[in-house]
2 protein chains.
Amino acid sequence: MKRNFLLALLFVNGVTLFAQNKDEQFFKQIYSSSLTNSKCYSWLDHLSNKIGSRLSGSNGAQKAVEYTKSQMETLGFDKVYLQEVMVPHWVRGEKETAYIHDNKTKTVVPICALGGSIATSKNGLEAEVIEVHSLAELKDLGTDKVKGKIVFYNRPMNPDNIDTFDSYFKAGDQRRSGAKEAAKYGAVGTIVRSLNLRLDDFPHAGGQNYGDLPKDQYIPAAAISTNGAELLSKSLKKNPNLKFYFKQSCQTLPDVLSYNVVGEIKGTEHPEKIMVVGGHLDSWDLADGSHDDGAGVVQSMEVMNIFKNLNYKPKNTLRVVLFMNEENGGKGGAKYEELSKQNGENHIFALESDSGGFTPRGFSFEANDVNFKKIQAYKNLFEPYLIHSFTIGEGGSDIEHLTSKTIVKAGLKPDPQRYFDYHHAANDKFDAIDKRELELGAATMTALIYMIDQNGIE
Amino acid sequence: MKRNFLLALLFVNGVTLFAQNKDEQFFKQIYSSSLTNSKCYSWLDHLSNKIGSRLSGSNGAQKAVEYTKSQMETLGFDKVYLQEVMVPHWVRGEKETAYIHDNKTKTVVPICALGGSIATSKNGLEAEVIEVHSLAELKDLGTDKVKGKIVFYNRPMNPDNIDTFDSYFKAGDQRRSGAKEAAKYGAVGTIVRSLNLRLDDFPHAGGQNYGDLPKDQYIPAAAISTNGAELLSKSLKKNPNLKFYFKQSCQTLPDVLSYNVVGEIKGTEHPEKIMVVGGHLDSWDLADGSHDDGAGVVQSMEVMNIFKNLNYKPKNTLRVVLFMNEENGGKGGAKYEELSKQNGENHIFALESDSGGFTPRGFSFEANDVNFKKIQAYKNLFEPYLIHSFTIGEGGSDIEHLTSKTIVKAGLKPDPQRYFDYHHAANDKFDAIDKRELELGAATMTALIYMIDQNGIE
């Protein structure tokens, strides 16, 4: 009995060891393929340098749909197809101008209109400024102090936080809701400090939303560079009555037909179980969007390229989905989910890369305890590749609404320190991407999908 | 008895918990101080942008000695002093020129003389080229195939390796010993592929050594950019008889008096036990040397600045040592060790930062099993700061020779993926440094020194 037990134990351990060893070997092949034989960097070169910015509804966005579809068609999918989706079409118009008007001195500062904002009048807008550091402070000031003024939101991202994304979300209410709230108190415009941890001259774009404010109460909203914000704040301390001038000619045009791009390979064992990996095709309009989210797009495509190079056929159905309109509407993610529900699909896993193309550190998971425990057991396989951080957290906004009974969602977590130096700004360009870091991210995503494919979820 | 045991256990756990909690709190203060109140980035701005390159014997090196000494004097050390050290004085002279001479076509390629190399003749050197991929291949070819030719070493760094430093050392023999070995077979010069993982146009400098070769057998040695190496190799495949031309006017001048800069604060409890933290002041001459090793210099200084800001007085003596001449001689490190031995000093700990100013990932340790185990127990304190990698490995070349009975040595390990994009090349500049990443490195070093100071070594 004892002997049989020991033999059984040896057998079980043997099988586990064999599996572990097989996975170790496959991880090696995945990383090697990505570091020596990947296409993601040259795809990104094309997206960034040949196509450029890709705001929803733009020519760039349409070209990106066509280009990635044509590239996906070379990767050995069973089918590559488009999903129609209507998207907002906001355009910036002429480059914005702004200055601090202090007595007779006009000091030009860099601004950009926030996505979704209305224009100023043709001659621009000039008014006194009231500086606040939170929506609560605005409320305390009330109509008396705010009416007729430009509200200047100047709460910096908290530097004293390793998790820069957390600092971003916590400072982000000023950008997202600042105009809507200020309008309630009679403000004539808003200027928000760019969501950037360092001091520089780049204004950072991003979405804002008037919510249920009546249209005739909309006010123009812009972001100012962090250096500009520091200057404006200092100038206001010297002269609280100075004025700020800005002019922007952005507008929202009628919605436009656009597309998610989908590549699909049927699972050899469980074709009804679907794994999704993706990023978003659209970007803000000020730069190439190489980090946000060109990187995520080409890394997701590279997952399939690596499987192709290694001749790996997934047991479960794998879809690479390049979502449209993450930045100013989320229509692509919603459409994917809507169609999936219509078709009664069963997603077991969704992985998004939308946190930059920096060196990968791990994943955040939306998973129940059982699945998180199961996945944590894979961590030792990742450690030789300096992947160490498996946490509970958000997957990503394109896969946010995706529901299935026990779906596991994950977001790639690259090193977060430099992301907000570039996020939504004119310097989010190809030269800010390191080839190896991008490739290591793609390999890390592929390795996780391989483990989910091999072992399923509970 | 049982009850007493339980009480004792509670007491021990209570003490441990208290200590852990105290350390957690102090870690928080360290990182917060570095991210919100540090001087390292502005020190580096000065070193890089006001002083610039700092090759041993240069004006830049001397200015760096003076500047860092003056800054160290503001940090609350008991004393700041210089250690005299004679250093080599190699100068590049005029900018090098080189071209591939293929029939009647001359294609210019970017090269730079390797440190310690002799010049070509005034009119330059032109010869046929023999491409090799290792010193062993050179030996196999022998004098017949090599005599009268330029040896072109073209083995790339292995991209299929997460540890880029390992790839660097393994490809580095071509640069370090290539000229010495080629001269033995009658070569007239050597060109080595730059030690850079990516394809670009920067030639990367670095030391080479003629060893015990008689002086009259020295041959000129240069590095070529990776793109240049690819082109030369491709051209040689088409025309093995093409010629390569290069001209360089570098020379070695007489040794120069220079200095290590040392700041010292006596330990409050164990003044006879010394902890050292440092980086090297000198850099190659093609750029500011912001990563190599301006970052390590200012991070080491920041350790003391953080202690000062937090009013922390170390129990053991702490020295911040800025070493001279790491790049082409190691004379500063050797001098420090020589003086230390003369004075019968006892070092318990030495920490070096000389792997770039990138986001920190951990440390490599030279420590016996007992001490490594002791230090590994600190790891959980570091994890909230995304510090996860404690390995056995080298501390650093400036602290290499330092001996004491049970000294622990450590090297800061930043993320290694981008280091060799910049290493020894003209793009190793201030704008390649991220402020937060630099500060996180300084905080991580400070936290380790704090733990060693609190708990000693065995």
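The following paragraphs describe strand pairing, helix packing and the chain contact in a predicted model.

We may begin with strand β6(A), residues 150-153, whose side chains alternate in a pleasingly regular way: A:Ile150 and A:Phe152 point one way, while A:Val151 and A:Tyr153 point the other way. These residues are all buried, whichever way they point. On one pairing, β6(A) joins strand β5 (residues 125-132) of chain A in the parallel sense, over four bridges. Here A:Ile130 is the residue that stands opposite A:Val151. The route between these two strands passes through helix α4 (residues 135-146) of chain A, giving a β-α-β crossover that is right-handed. Strand β6(A) also runs parallel to strand β7 (residues 189-193) of chain A, and four bridges join the pair. A:Val151 appears again in this pairing, standing opposite A:Thr190 in β7(A). A:Val151 thus faces A:Ile130 in one pairing and A:Thr190 in the other.

Chain A also holds an open sheet of eight strands, and its pairing is mixed. Reading across the sheet, the order is β1-β10-β12-β11-β13-β16-β14-β15. Strands β1 (79-91) and β15 (389-392) of chain A form the edges, each pairing on one side only. From one strand to the next, the twist averages 20°. Within this sheet, strand β10 (residues 251-265) and strand β12 (residues 316-323) of chain A run antiparallel and are joined by five bridges. One facing pair can be picked out here, with A:Ile265 opposite A:Leu318 in β12(A).

Two helices of chain A can be placed relative to these strands. Helix α8 (residues 290-309) packs on the sheet and touches β10, β11 (270-280), β12 and β13 (346-352) of chain A. The direction of helix α8 makes about 150° with that of β11(A). Helix α9 (residues 331-342) of chain A, in turn, lies across β1, β10, β11, β12 and β13 of chain A. Relative to β1(A), helix α9 runs at about 140°.

Turning to the partner chain, 24 residues of chain B are in contact with 24 residues of chain A. On the side of chain B that touches chain A, helices α1 (2-37) and α13 (435-455) of chain B each supply at least two residues. The largest share, four residues, comes from α13(B). By residue class, this side of chain B divides into ten charged, eight nonpolar and six polar residues.

Definitions and conventions:
Residues are numbered from 1 along each chain as its sequence is written. Chains are lettered from A and ligands numbered from 1 in the order in which they are written. This is a predicted model: local features need pLDDT of at least 70, side-chain atom pairs count only at pLDDT 80 or more; totals for chains, interfaces and linings use all residues. Two residues are in contact if their C-beta atoms, placed from the backbone, lie within 7 Å. Ala, Val, Leu, Ile, Met, Phe, Trp, Tyr, Cys and Pro count as nonpolar, Asp, Glu, Lys and Arg as charged, and the others, Gly among them, as polar. A residue is buried if 20 or more other C-beta atoms lie within 10 Å of its own, exposed if 12 or fewer, and partly exposed in between; C-beta atoms are placed from the backbone. Two strands pair if DSSP finds at least two bridges between them. A crossover is right-handed if, with the strands pointing away from the viewer, the path from the first strand over the helix to the second runs clockwise. Axes are lines fitted to C-alpha atoms, for helices over the stretch in contact, and angles run from 0 to 180 degrees between N-to-C directions.
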